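Student: Got a minute to go through this one with me?

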Amino acid sequence: MKAAVIYKKGELPKYADFATPIATNENEVLVSIEAVAITNLDKGIASGKHYSSENEIQNGFVIGSDGIGLLQNGTRVYVRGISGTIAEKAIVEKNRMVIIPNELDSVTAAAMPNAVAGSAMALRFRAGIKPEETVLINGATGFTGQMAVQIAKYYGAKKIIVTGRNEKTLQSLLELGADEIISLKQDDESFISQLKKIHQNTPIDIVLDYLWGHSAELILSILKGNGNFTNKTRYVSIGSMSGDTIQLSAQILRSADLQLSGSGLGSWTKEEVKLLFSEILPEMFLLAAQNKLKVNIEKVNLIDIEQKWNAEVPDGKRLVVII
């Protein structure tokens, strides 16, 4: 079969022939893949920098962690792969499938799950979002951030504040449900002043952080209390596009009612992952099929995977490989 194969960590995936995987037990099934999104998770695994990466590569491996495919009976499903999914065939677990609505095309469906997991899981299980709460999304101009704005609105957020560097995309987030935009291009003093004013008027209940790094330090600094009672803020780290470490004053933790947690592979419970497949993804696929979720996509053919792997995708679009 044809596939996107990594032979050495840090190298680009190659369009190559690779042995078709074989199911090894009754809980596994071979699926014909139609479309797969390229995510930061996949890029991290390919480079060897993600914490779930394999330590050694012997004969190469197919990249890709999920996708949209066809079962032998023609049923179209979203799947998590046991084998790599950017390939004509992949082995998947039977209990890690979601049927795709007929009204939703495979490319759109393929773009969604990683972003849904990267936002809905944090909102529901780490932040415990409730209707009428105020949500700050740090780094909202990327694809997952754009989905997070829409999902937070769907979950009942009263006010959504977004940060980012792309001014054009920041403005477009107002159409998706954002209420306030804060540019990360401004100086620290201006950023803090703008966010502190918002926090004083409508206290921030939830922070979804896709950037970490310096912007996280600035956000945490405005949550610092002065000895009086403070609003409880649930701060959830999801990504680290701006840096993996920060300096955090212990005074912030002691002076504010602050819950700091992370959302990602390894942090979710088995029960939460079951709900992702049984409730959250089916619900979001249905919303997209009803045109209630906006999904920005750029397509690439499998044969062009090496040239397009590191291509800059404009306006926070998700790159989807058509198999």
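Tutor: Sure, one convention up front: Ala, Val, Leu, Ile, Met, Phe, Trp, Tyr, Cys and Pro count as nonpolar, Asp, Glu, Lys and Arg as charged, and the others, Gly among them, as polar. This is a predicted model, where local features need pLDDT of at least 70 and side-chain atom pairs 80 or more, while totals for chains, interfaces and linings use all residues. Numbering runs from 1 along each chain, and side-chain values use heavy atoms, without hydrogens or water.

Student: How does the lining of the second largest pocket divide up?

Tutor: There are 5 nonpolar, 6 polar and 3 charged residues. H199, I222, L223, K224 and T230 lie nearest the centre of that pocket (on a 1 Å grid, an open set of points where a 1.4 Å probe fits, with protein on both sides within 12 Å along at least five of seven lines; lining residues have an atom within 4 Å of a point).

Student: Switching topic, how many salt bridges are there?

Tutor: The count is 10, taking Lys or Arg side-chain nitrogen within 4 Å of an Asp or Glu carboxyl oxygen. R126 pairs with E272, with the closest N and O atoms 3.1 Å apart.

Student: Is R126 buried or exposed?

Tutor: R126 is buried at 14% relative accessible area, and E272 is buried too, at 11% (buried is under 20%, exposed over 50%, partly exposed in between, with a 1.4 Å probe and protein chains only).

Student: And what about D17?

Tutor: D17 bridges to K2 at 3.0 Å. D17 is exposed at 55%, whereas K2 is partly exposed at 27%.

Student: Which residues form a network?

Tutor: Salt bridges link K130, E133 and R234.
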